[in-house]
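Take a look at the chain below. Follow it piece by piece as you read.

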Amino acid sequence: MEDNAKVAVGFLAEGIKNSDGKSFNALIDLLWEPMMGYAASMLMDDHRAKDLVQDVWADYWQRKQELDVHDIKAYLYKAIRYRCYNYFRDRKFNETQIEAAHSIFIAPDVEQHEDSIELSRRINGTIESLPKRCQEVFKLSRINNFSNGEIAKKLNISQRSVENQISLALRKLRKDLTIVRFFSFL
């Protein structure tokens, strides 16, 4: 049942990407109530929650063709969460609201799925940005599980060169992923 809903949401998201207003309205009908509940539970203000959810939908419609999102439901929930945080940041709020915002639980699969896709995309992007030889060595080592000796023999290079290429790739990954981690907490 849950898989069918996920497929339906994905199908509607594809329609929206192609400017299909009916798909947009159908997705709103499907997700409006749970998104409102999520926003209202964080803000403890139904009127403000409604405005915020409307803003998220309007932004989604405006940016529908430029977004490259694999799980639109997770994306929309994350957008609501960040808009709530921005609302709190821009206004004075009481301790009860702070506690409520911290206690709101959203299904881990919704947020973590999108996070893991984004992380995977960043890792692949970093690997693809490596010099060709470094990329080849890294993939043989970390994806195909070849030993350094096997890689050296296969590519006709020294084992020391293999180690250097792997070190270079790991440094680049650490650097890029540290930047991602830094920006994800802002």
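The paragraphs below go through some helices, a pocket and two loops.

This is a predicted model: local features need pLDDT of at least 70, side-chain atom pairs count only at pLDDT 80 or more, and totals for chains, interfaces and linings use all residues. Residues are numbered from 1 along each chain as its sequence is written, and side-chain values use heavy atoms, with hydrogens and water left out.

Start with helix α4, residues 72-90. Helices here are DSSP runs of H or I, at least four residues long, numbered from the N terminus. The expected span of a helix is 1.5 Å times one less than its number of residues. For the 19 residues of α4 that gives 27 Å, and the end C-alpha atoms are 26 Å apart, which agrees. At the start of α4, a side-chain oxygen of D71 comes to within 3.2 Å of the backbone nitrogen of K73. Buried residues (under 20% relative accessible area, with a 1.4 Å probe and protein chains only) of α4 include I72, Y75, L76 and F88.

Next, the second largest pocket. A pocket is found on a 1 Å grid over the protein atoms alone: it is an open set of points where a 1.4 Å probe fits, with protein on both sides within 12 Å along at least five of seven lines. Its volume is the space filled by probe spheres set on the points, which are joined across faces, edges and corners. Here that is about 260 Å³. The pocket is lined by 16 residues, and A13, E14, V69, H70 and I72 are the closest to its centre. Lining residues have an atom within 4 Å of a point. Helix α1 (2-17) and α4 each supply at least two of them. The largest share, 6 residues, comes from α1. By type, the lining has 6 nonpolar, 3 polar and 7 charged residues. Asp, Glu, Lys and Arg count as charged; Ala, Val, Leu, Ile, Met, Phe, Trp, Tyr, Cys and Pro as nonpolar; the others, Gly among them, as polar.

Now the loops. Most residues other than glycine have a negative phi. S19, in the loop between α1 and α2, has a positive phi of about 65°. S19 is partly exposed (20% to 50%), at 36%. N145 sits in the loop between α7 (132-143) and α8 (148-155), with a positive phi of about 60°. N145 is exposed (over 50%), at 62%.

Finally, is S23 buried or exposed? S23, in helix α2 (residues 21-43), is buried at 7%.

How values were computed. Helices (H or I, at least four residues) and strands (E, at least two) are DSSP runs, numbered from the N terminus. A polar contact is a pair of N or O atoms within 3.5 Å; within protein, one must be able to donate a hydrogen and the other to accept it, and residues adjacent in sequence count only if both atoms are side-chain atoms.
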